Amino acid sequence: MGQTDKDDLIRLIEEDDVDIEIPTTLPLLPVRDVVIFSDMLLPLFIGREKSVRAVEEAVTKEGYLLVATQVDPTIENPSTEEIFTTGTVSRVLRMLKLPDGNIKALVQGLTKGKILSYVRKRSFYRVKIEIVSEIPVREISLEIEALMRNVKEHAEQIMTLRGEMSVDIGAILQSIDDPGKLADLVASNLKLKIQESQTLLEICDPVERLKKVNDFLSREVELSTMQAKIQSDVNDEISKSQRDYFLREQVRAIYRELGEHDEKALEVDEYRKKIKRAKMSREAEKEAGKQIKRLEQMHSESAESTVVRAYLDWLVEMPWSKSSGDIIDIKKAKNVLDHDHYGLHNVKDRILEYLSVRKLNPKMKGPILCFVGPPGVGKTSLGQSIARALKHKFVRISLGGIRDEAEIRGHRRTYVGAMPGRILQGLKQCGVNNPVFMMDEIDKLGLDFRGDPSSALLEALDPEQNFAFSDHYLNLPFDLSSVMFILTANVTDTIPSALLDRMEVIMLSGYTEEEKIAIAQNYLIPRQLKENGLKPKKVSFSIGALRQIIAEYTSEAGLRNLEREIGSICRKVARNVAEGKNKTFSVSRSNLHTYLGVPKYAPEMDKEDSQVGLATGLAWTQAGGEVLYVEATLIGGKGELIVTGQLGDVMQESARAAVSYARANLGLYGVAEKLFETSDIHIHVPAGAVPKDGPSAGIAMATALISAITNNPVRNDIAMTGEVTLRGRVLPIGGLKEKALGALRADIKTVIIPENNKKDLAEIPKHLKRKIKFVPVKHMEEVLSNAILWKAKANRRLKAKRGTT
């Protein structure tokens, strides 16, 4: 190979002594997913604009171009750094321009070329190249000949395993006696990675390149052998399945000739009998018949037949027409409810009303009740008692944390392991279509990309729709109108409004101290004695001990912690009995600490004396009502307001409204109006680590602040709840019953409430109203006159102001 007199030509002398003149600058055609070797013919479909221009440029000249491979085949427009520098000088033999502007070209590799520099980059790449010379093989030694023979044999073996071997291909392989050409031919037909093919292309020593190809061939032989074995096993399995099918068909024909039945026919007959016994709806019976016909035509061992059997099993086991009998005795039902639960008169009355209407109208739709209240007040156990009173089956599912709509509606049968939703699973489990169905924790449903379970519940809990509830798995209407749905929640805020609208909400507020004592004596203590293996005569609890447990060892609206503490006492007594101490154990106030240790709950603030700047408010929580202490004080400053105690936005606004009201009425209390110019106001609501928010602490903040300003103490035996406006009006609040119970637990017997909340007193039990004095107020002045222990002069001024207003 040498250079001509022309600087822009390179002379390539082939073995047949034909001279080919190749320019030193050529258009560049970047390709992806393929590496072209010398003497390789390759059809290319070219669609990129730069590549199309490069081919057209080559065809207008001598037809030569450099074909180089991209480093990353996913890049649409590769830069110069993203193209390998070594490629193959090729010639375009044929070119066909397609109607869509793309090009189909037939390209033949001639020799290797290396990119020296890029001459043009805009419309297409043009590069300056040099021809990469092969190291000549001067003599074919025995080692090279053995290597070539090994490569040829491996290549023939691979072609045979792939089913591509022919006489012509074998003759071509045997006719090649040049190591480099043999390596290029075999490499171009191997399924190598781009990097591996590029490595072979860049090897200039033919013998070394052939050795590398031999290594790749050895690996490919192993892969092709394993692939052929897998394919053979699959074919054998298919042949075996076909053979088994024909044999089973012959067996069935023999059974028919003998007048007997095979197992598959017996299975199908059994399904038909179950369908008849199930008394399905028309749609369900039609679908079941359709599935049985499919089962008859299927291979009994196929995967699809397993899916059909599972679906038929669900269809025949669903309680389409099976229900519990309605023998309703109102008096017995009332006795059951009274035996299981103390108090809860509103709930019991609603259940008895339902039973009475059901007795008069057996076809009425089941109600959808929602019990809302703090933890431990008996919502779930009340559902069990309702089932006992109705003499119906009881089903309970927990909805807390469910995020997948398929948990309610079921999975479609196209999924592996599909099954119906929780509702139909519960009905199948109980075996009747009119159970008492309890759904716990409806307020804790989740929501994510898999769907909205609360939306799926809308159909199930709507009496106008649930007579044809459709589950994704069964894909058939199922009648839920006879089911009595009972839901439980701690709060209604997180329940979607559309779902809440379909339910009848019944509030369970909590228990007073007397109610807790009665429940402990009648229910909790006997149950714990039985669970711990103690006889009732062995242990006795005094009333004082129960009061102390409730006041100092529990702080709740419900009864769970109370039962835990009673259980703890019973376990300690059980240990003494097991150790041989055979005596009667009496639990009283004096020895309670020996069983339960030091008290867990102490009063948050000192209530022995009325204090300046300390008012007692009332708050509603998920665990019931609680007292909320508000502190206010004045410190040196410039009139700024400091609010602490992790208060939310609503309570901070209440604090600012209370400050504005106090500042607007300083003259009424005999305080200089310049007081706030030299003092900052600090309002704090303990405990500081507990977040707080809500629109009912306004009058407590105003009372504490005015107490601090006037240096008059606030009565420690009064609690208050209500929001205050800038003009001193007291606005109504919610959760009055829970707040009243919280005040009673804190031993506060007087509660100031807004005038507009007088209507809510009708819902408060009579025994609670006998213990608490409710003081309705319209204006902040009434709050102050009742809550603050005024000095005589200030009290006269306040009364005079009230008289003028």
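**Worked exercises on a predicted model**

Cys-370 is buried, at a relative accessible area of 0%, where buried means under 20% relative accessible area, exposed over 50% and partly exposed in between (1.4 Å probe, protein chains only). The model is predicted, and local features need pLDDT of at least 70, side-chain atom pairs count only at pLDDT 80 or more, and totals for chains, interfaces and linings use all residues. Residues are numbered from 1 along each chain as its sequence is written, and side-chain values use heavy atoms, with hydrogens and water left out.

**Exercise 1.** Determine how many disulfides the whole structure holds, and classify Cys-430 as buried or exposed.

*Solution.*
- Step 1. A disulfide is a covalent bond between the sulfur atoms of two cysteines. The criterion is a pair of cysteine sulfur atoms within 2.5 Å.
- Step 2. Searching the whole structure yields zero disulfides.
- Step 3. Cys-430 has a relative accessibility of 10% and therefore counts as buried.

**Exercise 2.** Describe the secondary structure and the overall extent of the chain.

*Solution.*
- Step 1. The chain comprises 26 helices and 29 strands; helices (H or I, at least four residues) and strands (E, at least two) are DSSP runs, numbered from the N terminus.
- Step 2. The radius of gyration is 45 Å, well over the 28 Å that the globule rule gives for 805 residues, so the chain is more spread out than a compact globule. This radius is taken over C-alpha atoms, and the rule is 2.2 Å times the number of residues to the power 0.38.
- Step 3. Along the principal axes, the C-alpha atoms fill a box of roughly 130 × 100 × 65 Å.
- Step 4. Of the 805 residues, 47% are buried.
- Step 5. Among contacts (heavy atoms within 4.5 Å) with a separation of 6 or more, 73% join residues 24 or more positions apart.

**Exercise 3.** Establish the sense in which strands β22 and β23 pair, and the handedness of the unit they make with helix α21.

*Solution.*
- Step 1. Strands pair if DSSP finds at least two bridges between them. Strand β22 (residues 641–644) and strand β23 (residues 679–684) pair in the parallel sense over four bridges.
- Step 2. Opposite Thr-644 stands His-684 of β23.
- Step 3. A crossover is right-handed if, with the strands pointing away from the viewer, the path from the first strand over the helix to the second runs clockwise. The β-α-β unit of β22, helix α21 (residues 649–664) and β23 is left-handed.

**Exercise 4.** Characterise the surroundings of Thr-721 and Ser-707.

*Solution.*
- Step 1. Thr-721 occupies the loop between β25 (718–720) and β26 (723–724), and is buried at a relative accessible area of 0%.
- Step 2. The side chains of Thr-721 and Lys-739 make a polar contact (3.2 Å). Such a contact is a pair of N or O atoms within 3.5 Å; within protein, one must be able to donate a hydrogen and the other to accept it, and residues adjacent in sequence count only if both atoms are side-chain atoms.
- Step 3. Beyond four places in sequence, the contacts of Thr-721 include Leu-618, Ser-696, Ile-699 and Pro-754.
- Step 4. Ser-707 belongs to helix α22 (residues 698–710) and is buried at 0% relative accessibility. Its contacts, not counting residues up to four places away in sequence, include Gln-611, Val-612, Gly-613 and Ile-788.

**Exercise 5.** Locate Lys-97 and identify the side chain with which its own makes a polar contact.

*Solution.*
- Step 1. Lys-97 is in strand β7 (residues 86–97).
- Step 2. The side chain of Lys-97 makes a polar contact with that of Glu-56 (2.8 Å).
- Step 3. The C-alpha atoms of Lys-97 and Ile-397, 300 residues apart along the chain, are separated by 68 Å.
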